[in-house]
Amino acid sequence: FHYACAEKVMRERKAQKDAVAVPEPTGTSKEGRRRLPAKLRADWDSLLWMFASFALLYYTEFASTIIFSALINRLALWCSLSSALVSTLCCAYAFKKVPHLSSTNWQTETPAAIITATISALLGGTSLIIAIWPVWGIYSTIIVSVLFMGFISTVSLFDL
């Protein structure tokens, strides 16, 4: 008898999961708590990456270390900054020159800008790791990776 009841309950739960959910009233959940807007619910991982990058910037004192530390490799830092500028200019060129195109047409209309921005970004990331290696060592790769993901996540929240 007990097994039959448990099996019946499991079938009912499965049927409830398979059934189409009735939309809840906007702004509240079943428990009466406020829900996040749909855009934030969909982009929670982006928010976590942004939080991680901001926390990393704060707790490592990244900006003040880059500016004031004598251990920073300045030549690699300037190479990284110039590569970031080239990458930004390539993106601005692609956005301004072909604003009417969808993202699938960029590969055919501006192939040189995409290749240049990609190579420049790879060079910039590598030279940033080289620049901060004397300060943080192996953690430099983690720091640059988290900062990169935080930047990408911030950009993804804007509907470009």
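Okay, let's start with one residue: Tyr59 is exposed, with a relative accessibility of 67%. Exposed here means over 50% relative accessible area, buried means under 20%, and partly exposed is in between, using a 1.4 Å probe and protein chains only. Its neighbour Tyr58 is exposed too, at 60%.

Before I go on, a word on what we're looking at. This is a predicted model, where local features need pLDDT of at least 70 and side-chain atom pairs count only at pLDDT 80 or more, while totals for chains, interfaces and linings use all residues. Numbering runs from 1 along each chain as its sequence is written, and side-chain values use heavy atoms, with hydrogens and water left out.

Now the overall layout. We have 8 helices and 0 strands, and the pattern along the sequence reads α-α-α-α-α-α-α-α. Helices and strands are DSSP runs, numbered from the N terminus: H or I over at least four residues for a helix, E over at least two for a strand. Of the 160 residues in the protein, 24% are buried. Contact, whenever I say it, means heavy atoms within 4.5 Å. Taking contacts between residues at least 6 apart in sequence, 63% join residues at least 24 apart.

Back to the rings. How many aromatic pairs does the structure hold? There are 2. To pair, rings of Phe, Tyr and Trp (its six-membered ring) need centres within 6.5 Å; planes under 30 degrees apart are stacked, over 60 edge-to-face, and the rest tilted. Tyr58 and Tyr59 have ring centres 5.0 Å apart and planes at 80 degrees, so they form an edge-to-face pair. Phe62 and Trp136 are the stacked pair, because their planes are at 10 degrees, with centres 5.7 Å apart. Phe62 sits in helix 4 (residues 62–68) and Trp136 in helix 7 (residues 111–136), so this pair ties together parts 74 residues apart in sequence. And are those two buried or exposed? Both Phe62 and Trp136 are buried.

Phe62 brings us to the inside. The largest nonpolar core has 14 residues, and Phe62, Ile66, Leu77, Ile132 and Ile143 are the ones with the most contacts inside it. By nonpolar core I mean a set of buried Ala, Val, Leu, Ile, Met, Phe, Trp, Tyr and Cys residues joined through side-chain atoms within 4.5 Å. Which helices supply at least two residues each? Those are helix 4, helix 5 (74–97), helix 7 and helix 8 (139–157). Take a look at Ile132: leaving out residues up to four places away in sequence, Ile132 touches Phe62, Ile66, Ile72, Gly137, Ser140, Ile143 and Val144.

Next, how the helices pack. For the angles, axes are lines fitted to C-alpha atoms, for helices over the stretch in contact, and angles run from 0 to 180 degrees between N-to-C directions. Under 35 degrees is roughly parallel, over 145 roughly antiparallel, 65 to 115 roughly perpendicular, and the rest oblique.

Helix 5 and helix 7 have axes 8 Å apart and an angle of about 155 degrees, which means helix 5 is roughly antiparallel to helix 7. Their contact involves, among others, Ala76, Cys79 and Ser80 of helix 5 and Gly124, Ser127 and Leu128 of helix 7. Their crossing is left-handed. That's the case if the near helix is turned anticlockwise from the far one by less than a right angle, and right-handed if clockwise.

Two serines show this packing nicely. Ser80, in helix 5, is buried at 8% and, leaving aside neighbours within four places in sequence, contacts Gly124, Ser127 and Leu128. Ser127, in helix 7, is buried at 6% and, with the same neighbours set aside, touches Ala76, Cys79 and Ser80.

Then helix 7 and helix 8. Here the axes are 8 Å apart and the angle is about 135 degrees, so the two helices are oblique to each other. Their crossing is right-handed. On the helix 7 side the meeting residues include Ile132 and Trp136, and on the helix 8 side they include Ser140, Ile143 and Val144.

One last spot: Ser69, in the loop between helix 4 and helix 5. Ser69 counts as buried, at 16%. Where does Ser69 make contact, apart from neighbours within four places in sequence? With Ser64, Arg74 and Val135. Ser69 and Val135 are 66 residues apart along the chain, and their C-alpha atoms are separated by 8.3 Å.
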